[in-house]
Amino acid sequence: MKIDEAREVRTTCPYCGVGCGVLAKVAADGEITVRGDPDHPANFGRLCSKGSALAETIDLDGRLLYPEIHGRRTGWDEALDLVASTFSQTIAEHGPDAVAFYVSGQLLTEDYYVANKLMKGFIGSANIDTNSRLCMASSVAGHRRAFGSDTVPGSYEDLELADLIVLVGSNLGWCHPVLYQRIAAAREKRPEMKVVLIDPRRTMTADIADMHLAIAADGDVALFTGLLAYLGKNDALDRAYIAAHTTGFEGAIAASSLDLAGIAAATGLGEDELVRFYSLFAATAKTVTVYSQGVNQSSSGTDKVNAIINCHLATGRIGKPGTGPFSVTGQPNAMGGREVGGLANMLAAHMEIENPEHRGRVQRFWSAPAIAEKPGLKAVEMFQAVADGRIRALWIMATNPVDSMPDADAVEAAIKACPFVVVSDVLAMTDTVRHAHVRLPAAAWGEKDGSVTNSERRISRQRAFLPVPGEARADWWIIAEVAKRMGIAEAFSYASPAAIFAEHAALSAFENDGARDFDIGAYSGVDAKTYEELAPFQWPAPASPSSSRGGSARALSEAKQAALGGVGGASPTPPRLSRPAAQSSLADPPLKGEGIRFFANGGYYTPDRKARFIAIHPTAHIRTSPDYPLILNTGRIRDHWHTMTRTGKSQRLSQHMAEPFAEIHPLDAQHFAIGDANIVRVSTVHGEVLVRALVTARQRPGSVFVPMHWTDQFSARARVDALVAPITDAISGQPASKNIAARVERFAAAAFGFAVLAERPGLIDADYWSLARCAAGWRLELALEAGRDWPVFAASLFGADAQGETLAYHDVAGGHYRFARFAGSRLAGALYLAPKPVAVSRSWAVEQLSADHADRRGRLAIVAGRPGGNTVDRGAVVCSCFGVGANQIAEAVRGGCTSVEAIGATLHAGTNCGSCRAEIRTIIEARRLQAAE
Ligand code: SF4
């Protein structure tokens, strides 16, 4: 691709399901800059810390650039021939269900479409599932049960138009930060807007909450069935909506049988808290309930979704501005994957695999020789089938199941034992790539072209602004080439992603006539130029994007209009090919109620076009035992994404939380004799991790939280999904990653250590270690068991024969060891070991990697681990954009800064992406309380 250096390229962020627009630019000197797209309707110019740091993650370090077979570089022809012939042979010998694709919400829609078409239409199996199974499959199942379709009814602007936002199992402040910022900005303008946070942890999202309900794990079904009963008893129902547009209400309300005391027992909440929440919900017509992984990742995830939807159907709060149940997805293209049928139990274009009419339609459209007759294996089942030999050839695309699947050690063992494993990835080494027989180099973000769909059903283009390096190729091209070599050339002869998108759009409209929600048929004739210029649009696409460009213009059917329009519902907005006018201010997105919404006037996608209430009976999910008395909860942190394959490259993002940790309530810490910053072993019947203890009252007593991001590439033993049981929701197949019986013990470390290194170390022979990028090198936290020879350990870390000056200090009696090595006047590395967690300033030590050390006194200061007298220890980084630490913020508070704005004016912290504003407010509040004591 020819790069126009003067031009900013309009693309989308590759991280979360908010789907923010990004403007990327490559300067003449090669410098890449990114900024938020002020015209994109998801973010209006905002980006969070991860999006702001995207330019730091684009380098070729660690990239897989050439195809490999058994670790040997080869050409595309040999690699593709081997993949095609092995898959063909396996199918011939063992049948189509002996092969599988495990794909990803990181794939673009066009990649996803081609993979799904090959597996379901031409191989004739539905054994294609996606890591989105781990993210939002319960929402899909809940939508389908209630609406007859996987429809997200609302738009982001509903979050700004609502008078009450209920956040359930959603740490929006860290996991969907731009939506959090949009709510925070709206709340500042309309202080009457209320926010309720329902989460076992007091996360940073509590910063904007008027009420935090620290619910017990899996208490959500009891909470929302109780709410339905409360709405019924207190005459807060929309009986006209129930009568006109729903069925099953009586059964649902009869199933809500717990009294207030029973709900309190099931949720761990006080009866007064329940009544306050219930009465607020009942009294507020404009209510949006936002939910994500805390709801979905549960063995009762689908019931939770339907319990929430029941309450919105019962009050008619759906499809109208400022209302609705709202599932927000974790991944950038989880929604696109749903649209093309990337889940094993779906067909393309939101059609159902169990429905013979749908199967026949898709088969006709594809002119496919076969079509999968039954649902394929969902993710957990798929890897179990790999383990027991039913699946003999597996192709993993753009994902890292050795780290992210539940029972991850068993998944790794299954992959290792599988006769044939292909991995398409951008990196040469991940915990999954290391086990592949064939490695296929895929194009990365910034190099690939296609489209993604965000959580509000908005389709946006991801565009290339960099040349594709080495021999990397787009995923759709790789899949199509394998298909051709399997003898299926005609159906996979795509010239470009535009051609795939046009086919995908045509299928959405094929024999549709309003019977299916997903319809972007207006784009079925899209040509390359129009596709290139495509502006973000929300589906369904109600009319031709441009009648002059030769697309297949279609009017919306009456049935579709019924689903979209109606009392209080917004009229469909024609998609725009020209960009909307730039917004004047980040805090002022236009609130015109123009978002396309479904179901204000019924028109559901069930046979009778009515929504179904689901009768749900709360059930207990007690998994703890005397041996495993705690509940393990897993999740994300602010500045890392999934398995850190991208964010782990950014030194800025790696400073916010540089180690894996376990949040433990002070009462549990006391009970288990764990001190803050101890190393702890968290274990379940499936495995164990070693992580740093973070003792905090934000955690609910009786539970422990461990983040999901760390892998063997960044830590010794912190793959938390190795601890997660392969228990799934019976309907959605989504694993229960937030309620696992666990125990926590202090790890008997004889030494704690900290090191900085200019080069990434090779073998790190420590019991506990965690490695993170920093400016000019790497920082390493570590712990050693008793009996280790510290100088020998230092030699193994830095290399015994390295050139340069080495200074070391060993206080055997006091138990301190310090070591520094210099290469010329530069610091090659320094190591500090002590019997207690090392107190050396991390920010100071990191800065020494960039400093000149010609001066002898400076070298001695490094060995001593002491900064000069005037050097301030910044403390843990809070603001990633400006590198501002907690100690600096605390010092500014002591100096008179009593608001986030004042901190911003003094230190700049919180003035760019805004992702740290909640933490700044927490520090200000903590200082205020300290001063008051
Ligand atoms: S909220 Fe952040 S991570 Fe999510 S899409 Fe926007 S910039 Fe990317």
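Let's start with charge: the 94 positive and 100 negative charges of the chain have mean positions 2 Å apart. Here Lys and Arg count as positive, Asp and Glu as negative, while His and the chain ends are left uncounted. Each charge is placed at NZ of Lys, CZ of Arg, CG of Asp or CD of Glu.

A word on the model: it is predicted, so local features need pLDDT of at least 70 and side-chain atom pairs pLDDT 80 or more, whereas totals for chains, interfaces and linings use all residues. Residues are numbered from 1 along each chain as its sequence is written, and side-chain values use heavy atoms, without hydrogens or water.

On to overall form. The chain's radius of gyration, taken over C-alpha atoms, is 27 Å, which agrees with the value near 30 Å for a compact globule of 933 residues. That rule is 2.2 Å times the number of residues to the power 0.38. Along the principal axes, the C-alpha atoms fill a box of roughly 85 × 70 × 55 Å.

Of the contacts (heavy atoms within 4.5 Å) with a separation of 6 or more, 72% join residues 24 or more positions apart. Buried residues, meaning those under 20% relative accessible area with a 1.4 Å probe and protein chains only, make up 63% of the 933 residues.

Two cysteines are among the buried residues:

| Residue | Relative accessible area | Class |
|---|---|---|
| Cys48 | 9% | buried |
| Cys881 | 16% | buried |

Finally, the whole structure holds zero disulfides, a disulfide being a pair of cysteine sulfur atoms within 2.5 Å.

Technical notes
Buried < 20%, exposed > 50% of the residue type's maximum accessible area, 1.4 Å probe, protein only.
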